[in-house]
Amino acid sequence: MDIWSGTFHGTKVSIKSIKMAAESPDSTDAQITAFIDQVTLLATLRHAHLVAFIGVSRPQNAVADFELVVEFMDTGDLRAFLATHSPATYLWPEKCDVVRGILHGLAYLHAIPHVHGHLKSKNVLLDSKKGTKLAGLGVKPVDFAASATWFQWAAPERLAGQPVDTAADVYSFGKCNELQRMILLRVLRPDRVTIQAAKFVSTNLGPQFVDPPPFDLRAIYDNSSYKTPLIFVLSPGVDPTNNLMALAEVLGKKVENCALGQGQSQFAEAMLARGLEGGNWVFLANCHLMLSWAPTLEKLIDNFCASPTVNPTFRLWLTSDPNPKFPIAILQRGIKMTTEPPRGLRANLLRLYNTVTSDRFQRCKQAKKYKRLLFCLCWFHALLLERRKFNNLGWNIPYDFNESDFAISEDVLAIYLDEYEDTPWEALKYLIAQANYGGRVTDDWDRRLMLVYVGQFFCEDILELDQAPLADSPEYFVPEDGDLQTYGDFIRNLPLEDPPAAFGQHSNAQIASQIDNGRELLSTILGLQAMGAAEGGKGNDEKIMGVLSNLKDKVPDVFDLANVKLNLSTRSDPDALKTVLLQELERYNKLLGAIKSQLVALEKGMQGMVVITPELEAVYNAMLIGAVPKAWGFCYPSLKPLGSWTQELELRIYQMRHWANTAQPVVFWLSGFTYPTGFLTALLQTAARKNGVSIDSLNWEFLIINQHEDSIVVGPKDGAYVKGLFLEGARWDFEHDCLAEPNPMDLYCNMPMIHFKPVETKKKASKGTYSCPLYMYPIRTGTRERPSFMIAVDLRCGAGKSPDLWTKRGTAMLLSLST
């Protein structure tokens with residue numbers, strides 16, 4: 001098949017000449033009939049990602065039997081394009097667009113249904129304006145003997161001459177090795193990256209690098225000596241004390257233990273002396289809390305390891321959180337071990353019930369109450385631990401709840417049920433959720449979540465209803481009363497994989513956490529790779545020079561503050577808002593000045609004109625992986641990569657420049673402020689001065705404005721119209737002005753405009769209102785210097801929905817996303 005270019009009614013087109021194989025008149029007629037059928041089908045296909053069919057002609061010469069006329073694609077086919085473009089010039093965003101175009105085209109064909117049948121890179125055509133389109137829709141049969149390359153991508157059933165369906169196209173599209181499959185998943189399904197990474201490691205390195213070995217403390221002890229400290233590297237939710245004490249009891253060893261902390265050094269040194277002499281075990285817990293004493297401990301270990309008089313049955317056991325200040329010499333000399341808590345609700349419930357003996361299970365006089373509430377307590381504990389996997393939608397701060405919290409709460413439960421005939425619900429909920437578990441919780445919104453959970457699991461319904469539900473999933477309920485074995489059997493029949501509904505979460509929460517985990521994995525890999533020169537010694541520098549040139553063009557100029565002040569002096573804007581504007585411009589000027597000076601210095605450094613300092617080297621390395629240099633992060637927090645961060649910076653400066661030079665915005669983009677809380681405070685000050693009231697007497701009322709900003713020409717009398725907010729963990733129902741269930745795979749939703757209106761006497765929130773926290777960016781804790789939380793916005797819950805539902809979903813609003 002030869003391909004020519006031509007024109008049709010003044011439009012450039014591609015012309016494919018087709019010659020039929022003249023084996024016999026009958027075979028030629030059959031080929032022509034099949035060709036007409038295929039052309040008839042092509043004439044019915046219309047899609048943005050399929051090369052448009054224009055027509056067929058019969059040429060007057062003998063060069064071809066037919067000429068197929070299709071639309072012209074100016075960039076050519078994907079295979080040729082890849083051969084002439086390096087990865088440095090053909091970037092991932094463009095590749096993603098091509099992949100999406102292929103998928104959209106296949107989705108259209110498969111919905112008909114129609115099999116493409118010849119999917120390969122030469123049949124993917126590119127155009128500078130029209131994007132990606134599929135060609136070669138089965139017009140000419142493939143000769144596998146003459147097409148060794150296509151042979152690699154054809155589905156097995158096609159090679160065998162068997163009938164094919166749409167799965168053949170999927171096979172051709174996804175035919176790649178495991179590393180290529182992982183790259184493809186990174187583009188199409190970033191939530192599946194960690195799963196594919198585990199498969200890749202298991203296949204290439206071995207399954208032992210994916211599946212942790214069983215924790216055998218006795219075997220570890222047998223491989224040790226008095227010269228090798230045994231070091232537990234602690235994981236959240238794991239306390240090795242019970243395992244160690246159980247092993248000591250089996251081996252008949254005496255253990256002296258000490259929880260390190262301020263003032264415990266003398267006791268620890270005395271224990272070591274007694275252990276070395278008598279051959280006892282010494283257990284020093286929480287070494288990370290006393291790192292100032294760690295050099296002394298290192299010297300003590302060096303001394304007794306060199307001494308010939310040490311009792312050989314002596315062992316030193318240590319526990320510590322991971323800490324870079326822990327002495328390297330102790331780590332090198334010792335045996336390091338770590339255990340992770342069992343994953344999943346089922347595994348956590350089994351572990352907790354294994355700590356309850358038959359005597360303890362029968363110890364309470366009100367047996368029915370105790371058994372049911374004990375199961376609820378175990379469920380509560382397991383939920384708190386496993387909710388961490390949802391990252392920001394789980395807890396704002398990850399807490400290290402452990403078995404000690406459960407053991408104390410279980411004792412409280414048994415004691416109070418024995419002491420009171422009527423169940424003291426409020427006392428139990430307070431002691432468990434606020435005094436015990438809540439003692440670790442430092443975030444108010446996390447505390448609200450814990451109170452919602454404990455209120456659900458510790459109530460009369462648990463005692464009065466048979467099989468009282470614990471979650472929306474039907475598998476999770478309080479089992480019928482029975483002995484300890486009955487509860488264990490019930491737990492073993494629970495699902496191995498926890499559905500998000502078990503936590504009160506939406507399925508999107510699991511997708512979001514998997515995307516975060518994949519992003520963290522890839523970020524770690526990028527951080528570990530060598531930053532040396534690429535092949536030829538110029539690749540990285542050329543790439544950075546391109547980035548520098550792009551940034552110098554895009555980064556706006558600094559503001560002329562003198563002219564801005566002069567311009568503001570003639571305007572009637574409120575003084576408080578003028579002050580906020582000037583403060584914002586000063587902060588942006590510092591950022592813009594730092595960026596421009598470092599870009600110039602880095603360019604000169606790469607040209608050999610100045611010395612590249614460590615700060616410039618950090619900027620270089622960040623640009624190399626598409627990240628925002630830390631030196632530019634002082635103005636406002638952000639998780640965006642360098643490209644989208646730069647685009648957002650342009651939008652921020654545009655809003656501020658329009659405000660400074662033209663007029664105060666009618667609708668404010670709240671995300672464009674470096675300190676949005678300062679802007680909200682200025683709105684309160686303006687309202688207080690205008691109405692002659694104290695600023696402390698004002699509160700916020702939040703009115704949803706279901707209009708496009710272009711339809712609003714005048715700002716509100718008090719407060720401000722605010723746009724640009726994102727909703728996470730829910731969707732906004734524009735028709736009913738309330739929260740609603742999010743659509744699958746839609747992790748964020750745009751919020752409508754909100755009127756932030758200062759009011760002196762705010763109405764008490766109704767029962768159907770959810771107090772929704774507003775954060776600056778996805779890391780909800782922020783930092784000590786810049787907390788992420790701004791304000792709580794009241795939103796309607798929606799029909800049939802309670803605030804507790806959205807609390808368990810972790811629903812919140814954000815000013816900025818990570819993409």
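Buried means under 20% relative accessible area, exposed over 50%, and partly exposed in between. These legends use those words for a predicted model.

**View 1. The whole chain and its five domains.**
The chain is divided into domain 1 (3-175), domain 2 (217-339), domain 3 (345-505), domain 4 (537-664) and domain 5 (666-818). Its C-alpha atoms fill a box of roughly 105 × 80 × 70 Å along the principal axes. The secondary structure comes to 29 helices and 23 strands. Of the 819 residues, 44% are buried. Among contacts between residues at least 6 apart in sequence, 70% join residues at least 24 apart. A search of the whole structure finds 31 salt bridges.

**View 2. The interface of domain 2 and domain 3.**
The C-alpha centres of these two domains lie 34 Å apart. Four residues of domain 2 are in contact with eight residues of domain 3. How much area is buried between domain 2 and domain 3? The value is about 390 Å², with carbon and sulfur atoms giving 46% of it. On the side of domain 2 that touches domain 3, one residue is nonpolar, two are polar and one is charged. The count of salt bridges between domain 2 and domain 3 is zero. Residue pairs in polar contact across this interface also number zero, with both residues required to be at pLDDT 80 or more.

**View 3. The salt bridge of E256 and R274.**
The closest N and O atoms of E256 and R274 are 2.7 Å apart. E256 sits in strand 9 (residues 255-259), and R274 in helix 11 (residues 265-278). The pair links distant parts of the chain, 18 residues apart. Is E256 buried or exposed? E256 has a relative accessible area of 14%, so this residue is buried. R274 is partly exposed, with a relative accessible area of 40%.

**View 4. The salt bridge of R360 and E410, and its network.**
In this salt bridge the closest N and O atoms of R360 and E410 are 2.4 Å apart. R360 lies in helix 15 (residues 358-361) and E410 in helix 17, so the pair ties together parts that are 50 residues apart in sequence. R360 has a relative accessible area of 29%, so this arginine is partly exposed. E410 counts as buried, at 2% relative accessibility. Which residues are linked with R360 in a network of salt bridges? They are R363, E410 and D411.

**View 5. D405 and its surroundings.**
D405 is placed in helix 17 (residues 403-419). Why does D405 count as buried? Its relative accessible area is 5%, and buried means under 20%, so D405 qualifies. A polar atom of the D405 side chain lies 3.0 Å from the backbone nitrogen of N402. Leaving aside neighbours within four places in sequence, D405 is in contact with D400, N436, Y437 and R440.

**View 6. The salt bridge of D405 and R440.**
D405 forms a salt bridge with R440, and their closest N and O atoms are 2.8 Å apart. D405 lies in helix 17, whereas R440 lies in the loop between helix 18 (425-436) and helix 19 (444-457). The pair therefore ties together parts that are 35 residues apart in sequence. R440 counts as partly exposed, at 33% relative accessibility. Its partner D405 is buried.

Conventions. Residues numbered from 1 in each chain as written. Heavy atoms only, no water. Domains from an automatic or database assignment. Contact = heavy atoms within 4.5 Å. Buried area = accessible area lost by both parts, 1.4 Å probe. Salt bridge = Lys/Arg side-chain N within 4 Å of Asp/Glu carboxyl O. Polar contact = N/O pair within 3.5 Å; in protein donor to acceptor, adjacent residues only side chain to side chain. Nonpolar A, V, L, I, M, F, W, Y, C, P; charged D, E, K, R; others polar. Helix = DSSP H or I, 4+ residues; strand = E, 2+ residues; numbered from the N terminus. Buried < 20%, exposed > 50% of the residue type's maximum accessible area, 1.4 Å probe, protein only.
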